[in-house]
Amino acid sequence: MDQILSIDKGAEEGLVQLLKFLLENDKVSGVFTLRKTTGKGFFDYALITEPGLLEDAIPLHPFMNVNGGKIISSLPPMKKPVAAVIRPCELRSFVELVKRSQGSIDDFLLISYTCGGSFPFDKTLKDNGQKLLPGYWKAVEKGVDSENIRQSCASCEHFVPQNADITVSLLGEKDLRSKCLMYLHSERSMAMTEEFDAEISDGQLEIKRFEALLEKRSEQKKKDFKEINIEDSGLDGMIDLFGRCIGCHGCMRVCPICQCVLCDFESCGYDPDTSVIANELPVRGGVRVPTDTVLFHIGRLSHMSFSCVGCGQCTEVCPADIPVSTLFRKTGEQVAGIFDYIPGRDVDEEIPVTIFKEDELSELGND
Amino acid sequence: MSKEFKPKIISFLCKWCTYSGADLAGTNRMKYPASILPVRVMCSSRVNPVFMVKSFLHGADGVFVGGCHPGDCHYQSGNYFTRRRFAILTRIFDTLGMESERLKLSWISAAEGVKFVRVTTEFTEEIKSMGENPAKKKVFL
């Protein structure tokens with residue numbers, strides 16, 4: 001049974017109070033959270049060790065400038081765990097990175113929340129998202145989608161965090177502005193908050209109340225997947241889709257899963273030799289440059305699509321407006337389905353390409 | 001007279017099994033189709049899926065990967081990984097609506113020269129019936 005901490009304060013305020021308590025009482029070495037950078041409304045992720053700096057913390061701000069899971073995997077190891085407040089998709093990507101030996105789950109007290117989604121870049125950058133916030137929180141209170149969230153968020157089915165030590169309950173909490181409910185799932189989170197001043201009770205996060213939202217999101221996902229319509233268009237469709245790719249590799253750089261130290265597509269072997277283009281010309285009559293943009297995306301799909309958590313960062317950064325995220329999620333779900341794999345589900349579950357079963361896929365290779 | 005279509009099939013052959021199988025076919029004076037363009041690899045698991053995609057997009061009419069039978073890998077378990085990767089890549093091709101039939105994986109041991117000839121001949125015929133790889137003539141590379 002999980003424990004519930006309840007505080008008579010707004011959800012964000014209550015969470016900041018807990019973070020302060022953890023830091024001041026030396027339960028954690030640091031706090032990783034979103035924070036106002038300059039007080040002018042700009043914000044950024046920061047690793048904080050000085051409790052006073054938590055005054056500016058806005059851990060629940062619905063904006064993901066970078067994928068936090070990717071960022072915390074690059075933080076230095078500290079004496080005690082770092083309390084990290086990240087959204088469910090960031091947590092899932094961190095779990096995927098841990099499986100790739102790029103981080104340790106024990107280094108963090110993972111705090112997440114039932115997520116109502118985050119804003120797209122363009123919407124937030126215009127006015128720092130301030131105008132959108134009231135409507136957003138109203139929607140979260142009702143447990144429905146705000147109309148301004150990202151496409152990938154509006155079709156995300158994993159808004160209840162898994163593997164978190166603490167879950168802050170947001171979606172469908174009517175008293176969001178006056179009450180903060182935090183569910184403690186792990187023993188160490190219970191031990192750390194023992195002396196924390198809050199009402200403690202036993203209970204479990206009810207999944208039932210999310211059914212309607214889950215159904216709506218699933219419908220939206222089906223719609224998005226249908227809209228991109230890749231299977232009917234084949235190679236020509238791929239060429240259409242990636243004909244406008246400028247080869248900036250931005251989608252790869254922001255991807256929380258694409259973290260190979262030696263990347264195929266960053267090596268000099270990837271850029272075709274001029275002679276390759278010269279040899280292709282007589283056959284094709286013309287060669288589109290930069291070359292190999294379709295190869296880049298299919299190659300990346302073959303390397304990591306099964307681990308795609310659908311955070312949507314790739315679509316956000318694409319300057320050519322290619323729906324990269326939808327394509328990767330759609331293909332990723334198909335691929336992961338072969339191995340009954342769900343990215344971010346369990347730290348001990350290994351990624352499909354590093355393990356095998358002797359008695360699987362026996363239909364392949366027999367002639 | 002129309003020119004007969006002679007497919008090109010880039011073939012990644014495991015040094016220990018399939019490549020030796022091809023050798024055996026040769027020493028026994030058996031014929032396998034000239035469409036097979038062998039690339040020797042130390043293990044079928046050396047084949048990065050990107051190699052196969054690249055061959056395909058650069059105009060290979062077929063891509064063939066040959067390895068040891070499951071359980072017989074020279075490196076104990078390499079071909080099991082090959083098998084998973086191949087399953088992943090074909091699933092990606094299917095999802096993207098591309099012709100996964102142009103990719104082939106086959107287990108052929110060093111003793112199976114006859115099988116090598118049979119499998120490569122059959123695959124060549126299949127590719128012939130499918131026609132040229134449409135990626136070959138695209139301006140998009």
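# A guided tour of chains A and B

Select Asn163(A) to begin: this residue sits in the loop that links α6 (151-154) to β6 (166-168) of chain A. Keep in mind throughout that you are looking at a predicted model. Check the backbone of Asn163(A) and you will find phi near 70°, a positive value in a residue other than glycine. Is Asn163(A) buried or exposed? It falls between the two: Asn163(A) is partly exposed, as its relative accessible area is 31%.

**Two more backbone stops in chain A**

Next, pick Leu361(A), in the segment after α14 (324-338) of chain A. Leu361(A) is not a glycine, yet its phi is positive, near 45°. Its surroundings cover it well enough to be classed as buried, because its relative accessible area of 14% is under the 20% cut-off.

Now move to Pro290(A), in the loop between α11 (274-284) and α12 (293-304) of chain A. Show the backbone here and look at the bond joining Val289(A) and Pro290(A): the peptide is cis, with omega about -5°.

**Over to chain B: the sheet**

Switch to chain B and turn on the cartoon view. You should see an open sheet of 4 strands, with parallel pairing, in the order β2-β1-β3-β4. Which strands form the edges? They are β2 (36-41) and β4 (103-107) of chain B, each of which pairs on one side only. Look along the sheet to follow its twist, which averages 20° from one strand to the next.

Select β1 of chain B, residues 9-14, together with β2(B). These two strands run parallel and are joined by 6 bridges. For one pair to zoom in on, take Ile9(B), whose bridge partner in β2(B) is Ile36(B).

Now bring in the helices. Helix α1 of chain B (residues 18-27) packs on the sheet and touches β1, β2 and β3 (62-67) of that chain. The direction of α1(B) makes about 105° with that of β1(B). Helix α3 of chain B (residues 78-95) also packs on the sheet, where it touches β3 and β4; its direction is at about 160° to that of β4(B).

Before leaving, colour β1(B) by accessibility. Of its 6 residues, 5 are buried, so the strand is largely enclosed by the rest of the structure.

**A loop residue beside α1**

Select Ala110(B), in the loop between β4 and α4 (113-130) of chain B. Its relative accessibility is 33%, so Ala110(B) counts as partly exposed. Which residues does Ala110(B) touch, leaving aside those up to four places away in sequence? They are Trp16(B), Cys17(B), Ser20(B), Gly21(B) and Leu24(B). Try a distance label too: the C-alpha atoms of Ala110(B) and Ala25(B) are 9.6 Å apart, although 85 residues separate the two along the chain.

**Last stop: a nonpolar patch**

Stay with Trp16(B) and add Met42(B) and Tyr75(B) to your selection. Together they form a nonpolar patch on the surface, with about 280 Å² of accessible area. Met42(B) belongs to the loop between β2 and α2 (49-57) of chain B. With a relative accessible area of 44%, Met42(B) is partly exposed.

Methods: Residues are numbered from 1 along each chain as its sequence is written. Chains are lettered from A and ligands numbered from 1 in the order in which they are written. This is a predicted model: local features need pLDDT of at least 70, side-chain atom pairs count only at pLDDT 80 or more; totals for chains, interfaces and linings use all residues. Side-chain values use heavy atoms; hydrogens and water are left out. Two strands pair if DSSP finds at least two bridges between them. Axes are lines fitted to C-alpha atoms, for helices over the stretch in contact, and angles run from 0 to 180 degrees between N-to-C directions. Contact means heavy atoms within 4.5 Å. Patches are made of residues with over 30% relative accessible area and no salt bridge: like charges are joined within 9 Å, nonpolar side chains (Val, Leu, Ile, Met, Phe, Trp, Tyr) within 5 Å. Accessible areas come from the Shrake-Rupley method with a 1.4 Å probe; for residues, only the protein chains shown count as cover. A salt bridge is a side-chain nitrogen of Lys or Arg within 4 Å of a carboxyl oxygen of Asp or Glu. Buried means under 20% relative accessible area, exposed over 50%, partly exposed in between (1.4 Å probe, protein chains only).
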